[in-house]
Amino acid sequence: MTDRNFSTPIDRSLNRLTLIQQAAQRSGALPAAGQLRYSKLSPFDVSQMSGVSISMVERGKINGHEYIRELEWLQKETSHRCFLDAELWTNEILAYLPNDWCNGSDSGLWNSGVKPFLNDSYSSISSPTSSAAHVPEHATKLKSKYTSKFARTLIKNKEFRRASTFLEKTMKENVEDLFLYYRVLFLAYYQEHLENDCEGIERKTSFAEENSPFSLLLQKMVNEKLREHEDVWFEYLMGLLEVQLGLKVEAEKSFRSVIVRDPRIWPAWEGLSLLISDIEDADNFILNSEIKSLWMSDWFMVLVLQRFQQHSMAIQKAEQLVTRGMTGIPMIITKIAACSNARHDHEQAISNFMDVRKMDPYRLQDLHFLSDSLYIRSDQVQLSNLAMDVYKSHKFRWETCCVVANYHSLRRDSEHAIKFFQRALRLNPGFAALWVLIGHEFMEMKNNAAACVSYRRAIEIDPADHRGWYGLGQMYDIMRMPAYALYYYQESQKCKPHDSRLLVALGEVYTKLNRVEDAEKCFTGAYLFGDVEGNALWNLAKLHEKFENNNQAAQVFEVFLVVYELVTSAEEKVIYSVAFLANHYFKTGNYEKASEFATKCLAYDTICQEGNRLFRAISNIQQRESELAAREKQHEGSRSPVSAAEEQGADDEMSEGEDELSF
């Protein structure tokens, strides 16, 4: 942590007025519920708040017809290639098209005769109405067509190994079946990998070894020179294999190449968002590659900003897409809600999620963020209703398991919470947040070993997620190992530099290690970055009090009272602050301010006697001072005539002596 990131000690650089003005600016940054979050802030303002600078070029309205044609092409490609998740993603967006974009749309791509695959002689498979004109005459070709259809059915039924045996018979006849053969082998290996990976919490052996089936499949595709194939989807599949082998640099290059070759392939954008090294790199890639994309590049930046914890800018990017015409799409609304959840704006997050549930009651994507907001708000009633609703309709989805686990965790039933988190991990072991949540539950049960494994697994999956680092730091902090905790808190703070909670935790560890200046910088920085939990000023004041810097402690306690005096949840800290200030100013002889805070003491039952004691002490001191002043005045009044006579006698004697001497 460098000095330039934080101010110097508070008594030298930040007076009370400056701190209060900063707090007012921070509190005014959030609009009322239901309004667009950053519609009134310029891109420069949001960039300054987040500490990241990217290009925020204002783009015009999206051309509805081009938008529809792009999505229809992607839907057709993903459908024939059995990318079920991408097909679902595309169809959902098409289902929520704005009405004015649907008017006059001829859906030309569907009727244009464009073949979804290169060298595809079986376009009749997806067009039953025209099948009579393209039915092969030879019986062998007819059987091959039916074999291909059956293989696709097996893929959709998740019988991947079985599908590969049928595709192996037809893959030499057309590019379509050749691609599906390699893809279905990848899916079979990936399914086996997930099944092996979810057997327990303990660490698993990586697949990045010599005899890995992923490695053998990738080598086979390299030998056949499929990366240079004119069908760009082969290179995308090789990128997926490189991800599974841990070859992240090579996978990133593959995804970049796919996007440059055909920017309409959204799965490549999504894969790149999980691998790219930083936000500026993503922004430069879009600008320098001259990618012609209507909106996918903007949505890609939303995902990148969210991944690197720049939630304010992600919300602004998403809202730009709304203003360009993509209104009423659940994907965008839930993403804004998820970013609001990460920014601790839980009221807005809950409101957005409820709007989506009215539109699509059975949509589960990102619903675990809603359960998280309800958990933090301690809204047991709504969380219970949500858990029952999703459990009835989607019992074996990982999102459902996560929602139910949060409900049990809110009820302090850690055993059942762990049970459902483990179910969620069996269904989706590659989601870092689940490992963090189950780590929290293990910490509640004092199972530090399992918690440590869970947090480390979260870090392995996504090193950019601060929660895994923070969980490990918190665990070592509880175990009274501040030196270890310091390292993990520092790594966590690197992932999310402007999170006040991380800075407060870091400051507390510095305090335990007697590194006063570092702790002071952390607490001051946490307050200036918003102080979500309201602990920064309190810890800063206690830090000065601990090391007997009472003048600085008094200054911070006064700021704390200005900000939190009317906050009900901070009443205990307010009481302590008032008592401290009253006694401090009494000891330093500032009886006017001591009387001011002694008066405030009378408003609280627990310290009203302390206030009365200080009033009596101040009264006694003032009475003694007035009596002493009166006695001195009276004494001076009684001594004045005598003193005048003595002075006159001395003058007479001196004059007589002088006369005698002169005489």
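Accessible areas are computed by the Shrake-Rupley method with a 1.4 Å probe, and for residues only the protein chains shown count as cover. The model is predicted: local features need pLDDT of at least 70 and side-chain atom pairs count only at pLDDT 80 or more, while totals for chains, interfaces and linings use all residues. Residues are numbered from 1 along each chain as its sequence is written, and side-chain values use heavy atoms, with hydrogens and water left out.

**Figure 1. Overview of the protein, with 34 helices and zero strands.** Helices (H or I, at least four residues) and strands (E, at least two) are DSSP runs, numbered from the N terminus. The accessible surface of the protein is about 33500 Å², and carbon and sulfur atoms hold 50% of that area. Of the 663 residues, 50% are buried (buried means under 20% relative accessible area, exposed over 50%, and partly exposed in between, with a 1.4 Å probe and protein chains only). Among contacts (heavy atoms within 4.5 Å) with a separation of 6 or more, 61% join residues 24 or more positions apart.

**Figure 2. Confidence and the two chain ends.** The pLDDT, which is the predictor's confidence in each residue from 0 to 100, has a mean of 80 in the protein, and 79% of residues reach 70 or more. Residues 1-14 have pLDDT below 50, and this stretch makes 29 contacts in the model beyond near neighbours in sequence. Residues 653-663 also stay under 50, and for them the model has zero contacts beyond four places in sequence. Where pLDDT is low, the predicted coordinates should not be read in detail.

**Figure 3. Helix α23 (residues 414-427) and its cover.** This helix has 14 residues and reaches 20 Å from its first C-alpha to its last, close to the expected 20 Å (the expected span is 1.5 Å times one less than the number of residues). Its buried residues are S414, A417, I418, F420, F421, A424 and L425. An α-helix has 3.6 residues a turn, so residues three or four places apart point the same way. The cover over the buried residues of α23 includes α21 (380-393), α22 (398-410) and α24 (432-444).

**Figure 4. Two aromatic pairs, Y189 with F214 and Y476 with Y488.** Rings of Phe, Tyr and Trp (its six-membered ring) pair if their centres lie within 6.5 Å; planes under 30 degrees apart count as stacked, over 60 as edge-to-face and the rest as tilted. By this rule there are 31 aromatic pairs. Y189 and F214 are edge-to-face, at 6.1 Å centre to centre and 90° between the planes. Y189 belongs to helix α10 (residues 175-197) and F214 to helix α11 (residues 213-223), so this pair ties together parts that are 25 residues apart in sequence. Y189 and F214 are both buried. The ring centres of Y476 and Y488 are 5.5 Å apart with planes at 10°, so this pair is stacked. Y476 lies in helix α26 (residues 466-478) and Y488 in helix α27 (residues 482-495), 12 residues apart. Both Y476 and Y488 are buried.

**Figure 5. An aromatic cluster and the surroundings of P267.** The cluster is formed by F83, F179, W233, F234, Y236 and F255. Over the ring of F83 sits the charged end of R183, 3.8 Å from the ring centre (a charge sits over a ring if NZ of Lys or CZ of Arg is within 6 Å of the ring centre and within 35 degrees of the ring normal). The charged end of R264 likewise sits over the ring of W73, 3.7 Å from its centre. P267, in helix α14 (residues 266-273), is buried with a relative accessible area of 6%. Not counting residues up to four places away in sequence, P267 touches L74, A86, W233 and Y236. P267 and W89 are 178 residues apart in sequence, with their C-alpha atoms 10.0 Å apart.

**Figure 6. Buried polar positions H311 and Q348.** H311 is in helix α17 (residues 311-323) and counts as buried at 6% relative accessibility. Leaving aside neighbours within four places in sequence, H311 contacts L305, Q306, C339, A342, R343 and K496. Q348 is in helix α19 (residues 346-359) and is buried, with a relative accessible area of 5%. Q348 and S373 are 25 residues apart in sequence, and their C-alpha atoms are 9.7 Å apart.

**Figure 7. Positive phi at S378 and N514.** Phi of S378 is near 55°, a positive value in a residue other than glycine. S378 lies in the loop between α20 (367-376) and α21, and is exposed with a relative accessible area of 52%. For N514, also a residue other than glycine, phi is positive and near 60°. N514 lies in the loop between α28 (500-512) and α29 (516-528).
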